[in-house]
Amino acid sequence: MSVRTRVVRVDSLAPETEILEEAAEVLRRGGLVAFPTETVYGLGANALDERAVQRLFEAKGRPPSNPVIVHVASAASARALTTNWTEAAERLSGHFWPGPLTLVLPRAPRIPDLVTAGGPTVGLRMPAHPVALALIQRADLPIAAPSANRSSTVSPTTAEHVRRSLEGRIELILDAGPTQRGIESTVVDITVTPPRILRPGPITQLELAEVIGAASMDDEVERGPARSPGRVGRHYAPNARLEIVAAGGLERAQALAEEGMRVGWLALRKTPDHVVESVEVRRMPEDPRSYSALLYATLHDLDALGVQCIVVDEPPAEEAWAAVRDRLRRAAQSPTDPE
Ligand code: TXA
Ligand code: MG
C-alpha cells in the first residue's frame with residue numbers, strides 16, 4: 001500500500017485556516033496527518049476510529065503492545081476520555097497544560113483497545129504548539145499521536161525527518177519548522193499513589209513534586225521489568241551504534257576512527273580547539289534543555305552522514321538530565337538487548 005504524501009508549509013504561530021481544514025478533513029476521513037508539537041512531530045489519527053488507529057500502527061510498524069497518547073485541545077476534552085478525573089489530574093493539567101506532560105488515567109469505554117494496548121488506562125496530553133492545538137480544535141476529535149517516525153527509530157524534530165521515515169505511508173505532513181523541546185513529553189501515571197513517572201521528559205520530577213507533593217521516579221533499570229507498555233526494547237535508536245563514555249570521549253572516538261569506522265562524537269565538556277579530521281565533532285550545550293532540543297536533530301544528522309559509531313560524553317547524573325540520560329541509554333541498547 002502506497003499513498004501520495006503531501007508536505008505543506010504552515011505558519012507555526014498563526015496556522016492558515018484552509019490548511020487546517022484540509023488536514024482536519026483527512027483526519028475525519030480516517031487518514032493520517034503528521035503535525036508539529038512542542039516536543040516532536042506527531043503522527044495523528046482519529047483516536048475514536050479503530051480503523052484509523054490500525055492504519056497508524058501499520059504506517060509506523062509499531063507493535064500493538066505499545067499504547068499511543070491521545071491529544072486533546074482542552075482539559076474538558078481530557079475529562080471526557082477518563083472515568084476518573086482526579087484531584088492530581090486537575091492540578092497537573094492546570095499547571096502544565098498546554099505542555100509536554102502526558103497524564104495516564106483510567107480510560108473511558110469509548111476509547112478503542114488499540115489505543116490503550118488493551119490496558120485499563122489511557123495517556124492524555126494537551127500539546128502547546130499552536131498548529132497542534134488548532135488542528136485538534138478544527139477536527140473536533142481526540143487525536144491519537146505517537147511520534148511521526150517508523151517504530152524504534154529516532155523521533156522527528158523536523159518535517160524532513162518525518163518525510164524520510166514515512167513518505168508513501170501517510171497522507172499529509174504539516175511543516176512548521178523545527179520543534180522546540182526536541183524530546184517527547186514526560187509521562188506520569190496518576191492512577192497509582194504516589195504518582196509514578198513512566199517516561200522522563202521536559203517536565204522534571206521536581207516540577208511535578210512541587211505541584212502534587214510526591215512523584216516517585218520509576219526507574220526501570222533499577223526496578224526490573226518496565227511497567228509502561230512499549231517502553232521496552234531499543235527505542236530512539238539511530239542507525240549508528242551509540243556508546244556512552246564517562247571520560248576520554250575524543251580518545252575513544254579517535255581509536256574507533258583508526259579502526260576504519262566513520263565516527264561521531266557528542267562532546268559535552270571538553271572540545272579540542274583544533275579540527276579533528278577523523279571525527280564528526282558535535283559540541284553539545286551544557287544545559288539539559290538546550291541539549292534536549294538538539295539531541296535528535298544531531299543523531300539524524302550524523303545518520304545522514306553515514307556515521308557508524310557515535311561516542312557520547314555522559315551527561316551529569318543530576319535530576320534535570322534524567323530525560324536526556326534516558327533517551328541516550330535507550331539509543332545505546334543493541335538491537336538484541338532484552339530490555
Ligand atoms: O511528546 C510526546 O509525547 C509525543 C508527541 C507527538 O506528543 N508523542 C509520543 O508518543 O511520544 P509515543 O506514542 O511515541 O509514546 C507513547 C508512550 C508509550 O510508549 C508509553 O511509554 C507511554 O507513552 N504511554 C502511552 N499510553 C500509555 C498508557 N495508557 N499507560 C502507560 N504508558 C503509556
Ligand atoms: Mg515514539
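Me: Leaving aside its neighbours within four places in sequence, which residues is threonine 37 in contact with?

Reply: This is a predicted model, where local features need pLDDT of at least 70 and side-chain atom pairs count only at pLDDT 80 or more, while totals for chains, interfaces and linings use all residues. Residues are numbered from 1 along each chain as its sequence is written, chains are lettered from A and ligands numbered from 1 in the order in which they are written, and side-chain values use heavy atoms, with hydrogens and water left out. Contact means heavy atoms within 4.5 Å. With neighbours within four places in sequence set aside, threonine 37 is in contact with Gly42, Arg125, Pro127, His129, Ala132 and Thr179.

Me: Is threonine 37 buried or exposed?

Reply: Start with its place, the loop between strand 2 (33–36) and strand 3 (41–46); helices (H or I, at least four residues) and strands (E, at least two) are DSSP runs, numbered from the N terminus. Next come the cut-offs: buried means under 20% relative accessible area, exposed over 50%, and partly exposed in between (1.4 Å probe, protein chains only). Threonine 37 has a relative accessible area of 2%, so this residue is buried.

Me: Which residue's side chain does threonine 37 join in a polar contact of 2.8 Å?

Reply: A polar contact is a pair of N or O atoms within 3.5 Å; within protein, one must be able to donate a hydrogen and the other to accept it, and residues adjacent in sequence count only if both atoms are side-chain atoms. The side chain of threonine 37 reaches the backbone oxygen of valine 40 at 2.7 Å. Its side-chain partner at 2.8 Å is threonine 39.

Me: How far is a polar side-chain atom of threonine 39 from an oxygen atom of ligand 1?

Reply: Threonine 39 is among the residues that come nearest to ligand 1, where a residue is near a molecule or strand if one of its heavy atoms lies within 4 Å of it. Asparagine 66 has a side-chain N or O atom 2.8 Å from an oxygen atom of the ligand, and for arginine 199 a polar side-chain atom lies 2.9 Å from one. For threonine 39, the distance is 2.7 Å.

Me: What share of the accessible area of ligand 1 does the protein cover?

Reply: Accessible areas come from the Shrake-Rupley method with a 1.4 Å probe; for residues, only the protein chains shown count as cover. On its own, ligand 1 has 690 Å² of accessible area. The share of this area covered by the protein is 96%.

Me: Which strand gives the largest share of the shell around ligand 1?

Reply: Strand 4 (69–71), strand 6 (121–125) and strand 10 (196–199) each supply at least two residues of the shell. By class, this shell has 10 nonpolar, 11 polar and five charged residues; Ala, Val, Leu, Ile, Met, Phe, Trp, Tyr, Cys and Pro count as nonpolar, Asp, Glu, Lys and Arg as charged, and the others, Gly among them, as polar. The largest share, four residues, comes from strand 6.

Me: How many residues apart are glutamate 21 and arginine 138?

Reply: The two side chains meet in a salt bridge (3.0 Å, N to O), and a salt bridge is a side-chain nitrogen of Lys or Arg within 4 Å of a carboxyl oxygen of Asp or Glu. This pair links distant parts of the chain, with glutamate 21 in helix 1 (residues 17–28) and arginine 138 in helix 6 (residues 130–139). Their separation along the chain is 117 residues.

Me: Which residue forms a salt bridge with arginine 28?

Reply: An α-helix has 3.6 residues a turn, so residues three or four places apart point the same way. Arginine 28 and its partner both lie in helix 1, three residues apart, about one turn of the helix. The closest N and O atoms are 2.8 Å apart, and the partner is glutamate 25.

Me: Which residue caps the N-terminal end of helix 2?

Reply: Helix 2 (residues 50–60) has buried residues including Val53, Leu56 and Phe57. Just after this helix, glycine 61 takes a positive phi of about 65°. At the N-terminal end, a side-chain oxygen lies 3.0 Å from the backbone nitrogen of arginine 51, and the capping residue is aspartate 49.

Me: What is omega for the cis peptide bond that joins threonine 193 and proline 194?

Reply: Proline 194 lies in the loop between strand 9 (186–189) and strand 10. A cis peptide bond also joins tryptophan 97 and proline 98, with omega about -10°. For threonine 193 and proline 194, omega is about -5°.
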